[in-house]
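Welcome, and thanks for taking a look at this one with us. Please open the viewer and keep it beside you as you read.

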Amino acid sequence: MKPVQGRIKCLVWDLDNTLWDGVLLEDGEVTVRPSVVAHVRRLDRMGILHSIASKNDRQAAVEKLRELGLDNLFLYPQINWNAKSESIRQIAKALNLGLDAFAFVDDQEFERAEVAHGVPQVTCVDVAALDDALARPEFRPRFVTDESAQRREMYRAQIARDEVEGEFVGTNHEFLASLGMSFTIEPARREDLQRAEELTVRTNQLNSTGRTYSYDELDALRESPDHLLLVASLTDRFGSYGKIGLALVEKGERVWWLRMLLMSCRVMSRGVGMVLLNHIMRLAAQAGVAVRADFVETGRNRMMQVTYAFAGFTEVSRDGAAVVLEADLDGVQPPPPYVRLETAA
C-alpha cells in the first residue's frame, strides 16, 4: 500500500532508553537524547503532536520531564503501568484523532509487538531506526501553515477549556457566555490559502460537499470578481482556535450559490456553526438576491446537513447524493448572544 503523506498526526514516545538513555527508576539519573528531542521539536513546529506512553512512576517521570524543560511538549501523557496499547487508546480519545494517525516509538520489541497486536492501526517505530522512519512520507505533513507551530498550544488551550467546563456550575449557555468568544469573518488573503486548502482536505463532518480545493484554485477564486471566498476564525479568553471556517460563494445576478461551506470540528461544541452561514444569508438579503447551496451527502457530513436545516434551508432538487438547497432569507438569525461577530465583508 502506498503511504499517505502526512498521515501521522501524533507521535507517542516511550521514555526509558528512548527519549533518554537509562532507566529512571533504576538509574536515578538519565541523559536526554539530543537527536530525539531535536526531532520532537522539529515535528512540533510542523504541527505534529506528541504524547507519552511509558511504564514508569508518574511523579518521578513528570518531575524529570519538567527538569529537562520538556514537559510542555507532550499532550495527555500516559505514565502508568497499563498496557501501552491502552495508553494509546486513551491519548487518541483525548485528542479526538483516529488510531491510524498515531505512531509509537519504543526501544523494546515486546512493547512494539504488544501495541501492534492491541491497536494494529498504529505505526510502530524502533527508536534505533528513528531517523529512517521519520524520513518516510507519512511523517511529513502535507501542509505546514502559519498555524502549524501553534497546534500544540491550541490543544493546550482546549485542555484548559475542558477543565473549566468540567468544574463549571451552571447551564451550557452560561458556560459559553463565560468564554468571551469573538468570531471573525473576512475575505481570504493570499496568506490564508495554505490553511484554507488544509481545511478542505481535513474537514469531513462539517463539510457541505466533501470537495477539496488546491491552493491555486483557491487563489483564482479569491481574485475572481464573481466569487466571494470567506475565512472565519474564532478566539476566546483561553486563546485562538485559529482559522476554523471557509465559505465559497458564486455571485450571480439573481442567485448566490454557496458552492462550499465547512467548519472545523473542534468548534462543533461552541454553538457557532451557523454564524458564517447566516452572515452569507444576511449579505445576500442586502444584495436582493436568493441563496442556494450545493450539498453532497458523503456519509460523514450529517452535522452540516443539520446545520443547513436549522438555518432554514430546504431541498429543492436532488441527483443521487447531490442536493440543491434554498434559503429562506426571512429567517436569517443573529449570532448567539454569547458570540461577538466581527466582519470585514
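Here is a short tour, from the whole chain down to single residues. Please keep in mind that this is a predicted model. The protein chain is built with twelve helices and 15 strands, and 47% of its 345 residues count as buried.

**Overall picture**

- Measured out along its principal axes, the C-alpha trace of the protein chain covers about 75 × 50 × 35 Å.
- About 16,200 Å² of the protein chain is exposed, and carbon and sulfur atoms account for 49% of that area.
- If you take the contacts between residues at least 6 apart in sequence, 70% of them link residues at least 24 apart.

**Nonpolar cores**

- In soluble globular proteins, nonpolar side chains tend to be buried together.
- Here the largest nonpolar core contains 41 residues, and Phe183, Leu258, Leu276, Tyr308 and Phe313 have the most contacts inside it.
- Helix 11 (residues 275–287) is the biggest contributor to this core, supplying seven residues.
- A second core, separate from that one, has 28 residues, among them Trp13, Val36, Val40 and Val105.
- Leucine 258 is worth a click: beyond residues up to four places away in sequence, its partners are Ala247, Leu248, Val249, Leu277, Ile280, Arg292, Ala293, Asp294 and Tyr308.

**Helix 4 against helix 5**

- Two packed helices are described by the angle between their axes and the distance between the axes.
- For helix 4 (residues 84–95) and helix 5 (residues 109–118), the axes come within 8 Å and the crossing angle is roughly 55°.
- That angle makes helix 4 oblique to helix 5, because it falls outside both the under 35 degrees range for roughly parallel and the 65 to 115 range for roughly perpendicular.
- On the helix 4 side, the contact uses Lys84, Ser85, Ile88 and Arg89, and helix 5 answers with Glu111, Glu114, Val115 and Gly118.
- By type, the residues of this contact between helix 4 and helix 5 are two nonpolar, two polar and four charged.

**Alanine 196 up close**

- Alanine 196 sits in helix 9 (residues 193–202).
- Is alanine 196 buried or exposed? Its relative accessibility is 2%, so alanine 196 counts as buried, the cut-off being under 20%.
- Setting aside neighbours within four places in sequence, alanine 196 has contacts with Leu218 and Leu246.
- Leucine 229 lies 33 residues from alanine 196 along the chain, and their C-alpha atoms are 9.8 Å apart.

Terms used
Residues numbered from 1 in each chain as written. Predicted model: local features only at pLDDT ≥ 70, side-chain atom pairs only at ≥ 80, totals over all residues. Heavy atoms only, no water. Axes fitted to C-alpha atoms, helices over the stretch in contact; angles between N-to-C directions. Helix = DSSP H or I, 4+ residues; strand = E, 2+ residues; numbered from the N terminus. Parallel < 35°, antiparallel > 145°, perpendicular 65-115°, else oblique. Contact = heavy atoms within 4.5 Å. Nonpolar A, V, L, I, M, F, W, Y, C, P; charged D, E, K, R; others polar. Buried < 20%, exposed > 50% of the residue type's maximum accessible area, 1.4 Å probe, protein only. Core = buried A, V, L, I, M, F, W, Y, C linked by side-chain atoms within 4.5 Å. Areas by Shrake-Rupley, 256 points an atom, 1.4 Å probe, with all protein chains shown as cover.
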